[in-house]
Amino acid sequence: MSITRREVLGGMAASGLSLAFKPSPQLLSPSASKFRFVHFTDIHIQPELDGNLGVKEAVKKIKAMKTRPDFILIGGDHVMDLLKVTKQRADMQFKLLADALKPLEMPVYSVVGNHDVFGWGDKDSDKNSAYYGKKMIQDLVLKGSLYRAFSFNGWRFYLLDTVQPDLVDGWRSEIDPAQMAWLKTDLAKYPTMPKTLVLHCPAISTIVQVSEGANKAADDSWLITNGKEIVDLSIQNNVKLVLQGHTHVVEDISYGGVRFITGGSVCGNWWRGPRLGLFPEGYMVFDVSGDTFTNYYETYGWVARK
Ligand SMILES: [Fe+2]
């Protein structure tokens, strides 16, 4: 299968960068609650290179954690690729996914990734079919709205859809106007609650600077086009954490009191070893206490098949 820039943004000969900042200590509120969740992003399940077995190993490691996560946030790209495949191949990937994630007993919440959209990379795909576009991921995985929010132990979590149709390239990364309006309204309803946004494509990232050069601009296949609006809204609305995927790197940018954390990937360099030689297959663990959190990247010992 040939892989294009827009399809996976992978395989670039480049060096990577992990920007790790320690969170500044803050006072906990008297009603401080503690909970744990896992950011499990860019799974890209496939039978090739035993990718499905890799996901099972990652799940096994989560289940073996001494402190059980209260829930899992999947950051998109559940499957290897739906943009330009047959329905049969898409079905097979979703079956592998369901099988690999089945042992997780805790709630699992997902956002859409660009690889989760059926047919947008194929001009001949039947646009009127029952499974075109986001319908498969919506029916089989999200089991609800493409964007939504939930509250947990005093925090508000927003699961956003960063993948929109594009006439020229099939898709582009953006928050559509209806979703942005909904987000603004909901953020304003909970002014004092600490918040987390979950995105597939990042709002902020150094990925293009570290891989292509300091003065290169990121196009809409890398970062969401209205990312500035997300950054401004986050600063204004007590958003503490923006979780990002898509680039498969581990990155932590603190800006205006908001941490923009890109959580590596379950599949590393699409099951071919560590991404950019630096970021192995893994997931990010978050421990929340009151309105602060700590986090670490956990690998699960996967060795890429030859
Ligand atoms: Fe991905």
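I call a residue exposed if 12 or fewer other C-beta atoms lie within 10 Å of its own, and buried if 20 or more do. I need that cut-off for helix H7, below. The model I am looking at is predicted.

**Entry 1: the whole chain**

I looked up the inventory. The protein chain has seven helices and 13 strands. Of its 306 residues, 43% are buried. Then I checked contacts between residues at least 6 apart in sequence. In 72% of these, the two residues are at least 24 apart.

**Entry 2: helix H7**

I went to H7, residues 227–236. Which residues of H7 are buried? I noted Gly-227, Ile-230, Leu-233 and Ser-234. They span an arc of only 120 degrees around the axis, which means they lie on the same side of H7.

What do the buried residues of H7 pack against? I found two kinds of partner. One is a helix, H5 (177–189). The others are strands: E8 (195–198), E9 (239–244) and E11.

Next I turned to the face of H7 that points away from the buried side. Lys-228 and Asp-232 sit there, and both are exposed. By the cut-off at the top, each has 12 or fewer other C-beta atoms within 10 Å of its own.

I also looked just past the end of H7. Asn-238 has a positive phi there, about 60 degrees.

**Entry 3: the hairpin E10–E11**

E11 came up as a packing partner of H7, and I followed it. Strand E11 (residues 258–263) is joined to strand E10 (residues 250–255) by six bridges. The two run antiparallel. I picked out one bridge: Val-250 is partnered by Gly-263 in E11.

How many residues lie between E10 and E11 in the hairpin? I counted two. Gly-256 is in this turn, and its phi is positive, at about 60 degrees.

**Entry 4: a five-stranded sheet**

I traced an open sheet of five strands. Their order is E3-E2-E1-E12-E13, with mixed pairing. Why does one side of E3 and of E13 lack a neighbour in the sheet? Strand E3 (108–110) and strand E13 (292–299) are at the edges, and each has a single partner strand, so one side of each is left free of a neighbour in the sheet. I also noted the twist: neighbouring strands here are turned by 25 degrees against each other on average, direction ignored.

Then I looked at one pair within the sheet. Strand E1 (residues 34–40) pairs with strand E12 (residues 282–289) over six bridges, in the antiparallel sense. Here His-39 stands opposite Met-284 in E12.

Methods:
Residues numbered from 1 in each chain as written. Predicted model: local features only at pLDDT ≥ 70, side-chain atom pairs only at ≥ 80, totals over all residues. Pairing = 2+ DSSP bridges. Helix = DSSP H or I, 4+ residues; strand = E, 2+ residues; numbered from the N terminus. Axes fitted to C-alpha atoms, helices over the stretch in contact; angles between N-to-C directions. Arc of directions from axis to C-beta. Contact = placed C-beta atoms within 7 Å.
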